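Here are some questions and answers for a reader who is meeting this structure for the first time. Please keep the view open while reading them.

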Amino acid sequence: MTTRIRHWLLIAAAVAALAIGGVWTLQRWLGSDDFRRRAEALAGDAVGVPVHLGAIRLDLLPVPGLALQAVRIETQPAATIERLELRAALGALLGGRLVLSALQVQRADLSQAAVDAWMAQRSRKPAAPPADEPAGAPSPWPRRVQIEALTWRPATGTPLTLDADARLADDGLPDSLEVQLRSGPWQGAELALARRQLDWEVRARLAGGTVRGTLTLDRLPAATVPVRLTGRLVTEGVDVARLSRQRLSGRLGATTTLDLPTGTSGSLLDALQTQSQFAVRDAVVHGVDLARAVKTVGLNRGGETRLDTLAGQVATRGRAVQLNNLVASSGLLTASGQVAISPSQALRGRVQVHLGPAAVGQAVGVPLVVGGTTDNPELTLTRGALLGAAIGTM
């Protein structure tokens, strides 16, 4: 072996030893309690609530990044993340710039109650003035966000678990988004978004049917200017029983428009408004027997109502639902009316029922008051109908 080759080998060995020593030293520093407490303080200031980190590790492959383990965000209730990885863009890193290339979240647990409480707390604090960024500053958003096994716990109903993969543009908006539901009432559902300027094409498979349409932003998001998201969706062949916890069955077809303004107080779900025109083929309403309710003067509970057609309009505002211009018919009855569903799932409304193959517009009908809850609906005669029934019995 020549002296020159031996010289270069010694230099390479020295560089490797320095690199290994530097990585080992950096790993020990990142794993120290002092650095972890500093990171917790910075994360807490950014989020607005205390944050606890179980461990911090440096990962070098496939590209350098940080892995945060056992993350606990002290919202009410707390949100947890088993592992959160932040990866740097290697090209930018070699050029001396830190640009996030990927964010990966594994096995997170998040609830609607926690998000609502956090947003309410944030809304009570004065907003900090936006910082001026120098021209050409790198976007703080990672180019790719991957979510594995995130469990979402709604305010009411069954939790669901999902996977998601989003690729973001320089403005922080998704160029594409794919979501698959692992478990929950909509298990097996899939959603895909593809961007065109400020429009996104929507394609979804849900409960044996499809949803297609378009979502549109009115402008690019800015720090002090609220944006508005609107959309139009067409639903075909969706099995309603899988979405309504067996309260209603049949195949749904609907046309829906939605409007979501931002910059309002409260959660985004509370601000969302939708309007739908719907029809359900071969519908069965479970928990209510309209014909028996009429015959028993509203004393009947339970049962089911089979319908040849069920159609109407649905308007939602946040978690409140209003069903208008309901029309239902079968060989035994024809009914019409309107029903409101409160955020607590309480029912309130009136239904006019005609026994036999009568037309909805016929003058004689039995008015019923709708009450109870979606899980336990109740039908009773109106006071006027009860008085008339009593007089007729006498």
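Q: Which residue is the bridge partner of Leu 310 in S16?
A: The model is a predicted one, and in it strand S15 covers residues 304-317 while strand S16 covers residues 320-329. These two strands pair in the antiparallel sense over 8 bridges. Within this pairing, the partner that S16 offers to Leu 310 is Ala 328.

Q: Which residue takes a positive phi in the hairpin of S15 and S16?
A: The hairpin has 2 residues between its strands. A positive phi near 65 degrees is found there at Gly 318.

Q: What is the bridge partner of Val 321 in S17?
A: Strand S16 is also joined to strand S17, residues 333-341, by 7 bridges, and the two run antiparallel. A hairpin of 3 residues connects S16 to S17. Across this pairing, Val 321 has as its partner in S17 the residue Ile 341.

Q: Which strand gives the most to the largest nonpolar core?
A: This core holds 67 residues, and those touching the most other members are Phe 278, Leu 290, Leu 310, Val 353 and Leu 368. The strand that gives the most to the core supplies 5 residues, and this is strand S7, residues 160-168.

Q: Is Thr 214 buried, partly exposed or exposed?
A: Thr 214 lies in strand S11, residues 209-217, and among the residues it touches are Trp 200 and Arg 232. Its relative accessible area is 28%. Because buried requires under 20% and exposed over 50%, Thr 214 counts as partly exposed.

Notes:
Residues are numbered from 1 along each chain as its sequence is written. This is a predicted model: local features need pLDDT of at least 70, side-chain atom pairs count only at pLDDT 80 or more; totals for chains, interfaces and linings use all residues. Side-chain values use heavy atoms; hydrogens and water are left out. Helices (H or I, at least four residues) and strands (E, at least two) are DSSP runs, numbered from the N terminus. Buried means under 20% relative accessible area, exposed over 50%, partly exposed in between (1.4 Å probe, protein chains only). Contact means heavy atoms within 4.5 Å. A nonpolar core is a set of buried Ala, Val, Leu, Ile, Met, Phe, Trp, Tyr and Cys residues joined through side-chain atoms within 4.5 Å. Two strands pair if DSSP finds at least two bridges between them. Lists of a residue's contacts leave out its neighbours within four places in sequence.
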